Each structure stands twice: as C-alpha cells, then as structure tokens.
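Subject: Structure for your review

Dear colleague,

Please find below the sequence and structure that I am handing over to you. My findings follow directly after it, and I would be grateful if you would read them against the coordinates.

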Amino acid sequence: MEKLQVSLQQKPVVELQLSKRQRPIEKNGVFFDGVQNRVASGVKPEEVGYQLAFSKQEMRKVIKEYPGKEVKKSLEHLYKKIEKQLCEEENLLQVTWLAMQDVFIRQCKSHEDIINKCYPDSGISLEFTVGDVLQYFSDIAQSH
C-alpha cells in the first residue's frame with residue numbers, strides 16, 4: 001500500500017521529468033505535439049500530412065533519428081539523472097522508474113495513434129515497439 005501511495009505522489013514528478021524539455025526522444029515529442037496542435041486548431045487529421053512542417057517526409061526524418069538503440073541510450077541517460085536526484089531512496093527510484101515507464105509507453109502509443117489517424121496507409125511507424133520499450137526499461141533497471 002505504501003508503494004502505491006508513493007507512486008501516486010510521484011506521478012506529477014514523472015510527468016514533469018517527461019515534460020517537453022526532458023523527454024528521452026524529444027524531437028519525436030515536439031513533432032507529434034505539433035501534429036496534435038494542428039488537429040486541435042481545426043485541421044482535419046488526414047490533411048495534416050500536407051502541411052510542409054508535418055509532411056510524411058518530415059515525420060520519417062524525425063522517426064529515423066530514434067532507432068531502438070538511440071531510445072535505449074536516451075532512457076539510460078534519463079535513469080542516471082533520476083538516480084542522482086533520488087540516490088537516498090532506492091525504493092523511490094524503483095517506483096519512479098516504473099511510473100516513468102508507464103508514462104513513456106503512453107506517449108509512444110499516442111504517437112502511434114497519431115500516425116494511424118493522420119497518416120493512414122503510409123506504412124510509417126516508430127522504429128521500436130512497446131515490447132522493445134519494456135525490455136529497455138527492464139534492462140536498464142537490472143543493470144543498476
């Protein structure tokens with residue numbers, strides 16, 4: 001029960017860590033935030049890809065910058081930053097890392113949903129899967 005309470009208390013910290021300036025795959029986040037903003041401002045999802053800044057070609061470039069190997073490296077860097085901040089509380093580090101995993105996976109799923117909604121039939125997807133992400137988080141946690 002105590003772990004659950006800590007987890008709920010850590011949720012805002014986790015959201016802040018993965019906020020716009022500290023995301024492990026920041027350019028992906030900025031691109032997909034831009035797509036979401038366009039849709040929110042009234043652009044039809046299927047028309048977003050026709051805007052120069054959000055074309056299929058631009059999306060491919062952004063996605064290509066983050067193959068699985070780069071995502072794992074970024075997550076390792078994030079783990080070290082969190083570890084420094086929470087060095088005194090090992091349990092808190094584990095709970096925070098699990099919460100970050102949840103937030104990161106939700107972001108990845110959201111990005112995939114945007115691709116499917118705004119770029120249907122494009123054949124484009126992230127260069128890593130949720131399964132890959134789960135493995136990265138597990139490997140990083142076990143190695144420390």
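On one side of helix α6, Gln142 and Ser143 are exposed (over 50% relative accessible area, with a 1.4 Å probe and protein chains only; buried is under 20%, partly exposed in between). Helices here are DSSP runs of H or I of at least four residues, and strands are runs of E of at least two, both numbered from the N terminus. The other side of α6 from these two residues is a different matter: Val133, Tyr136, Phe137 and Ile140 of this helix are buried. These four cover an arc of only 95° around the axis, taken from the directions of the C-beta atoms from that axis, and therefore lie on the same side of α6. In general, an α-helix has 3.6 residues a turn, so residues three or four places apart point the same way.

The length of α6 was also checked. The helix comprises 14 residues (130–143), and its end C-alpha atoms are 20 Å apart, which agrees with the 20 Å expected at 1.5 Å a residue (1.5 Å times one less than the number of residues).

The model is predicted: local features need pLDDT of at least 70, side-chain atom pairs count only at pLDDT 80 or more, and totals for chains, interfaces and linings use all residues. Residues are numbered from 1 along each chain as its sequence is written, and side-chain values use heavy atoms, with hydrogens and water left out.

As to the protein overall, it has six helices and zero strands. Of its 144 residues, 40% count as buried. Among contacts (heavy atoms within 4.5 Å) between residues at least 6 apart in sequence, 73% join residues at least 24 apart. The exposed area is about 8,800 Å² by the Shrake-Rupley method with a 1.4 Å probe, and carbon and sulfur atoms supply 51% of it.

Two buried residues deserve a separate note. Tyr119, in the loop between α5 and α6, has a relative accessible area of 2%. Leaving aside residues up to four places away in sequence, its contacts include Phe31, Val35, Phe54, Met59 and Ile114. Tyr119 and Glu46 are 73 residues apart in sequence, yet their C-alpha atoms are 6.4 Å apart in space.

His111 lies in helix α5 (residues 90–118) and is buried, at 7% relative accessible area. With the exclusion of residues up to four places away in sequence, His111 touches Asn28, Gly29, Phe32 and Leu126.

Yours sincerely
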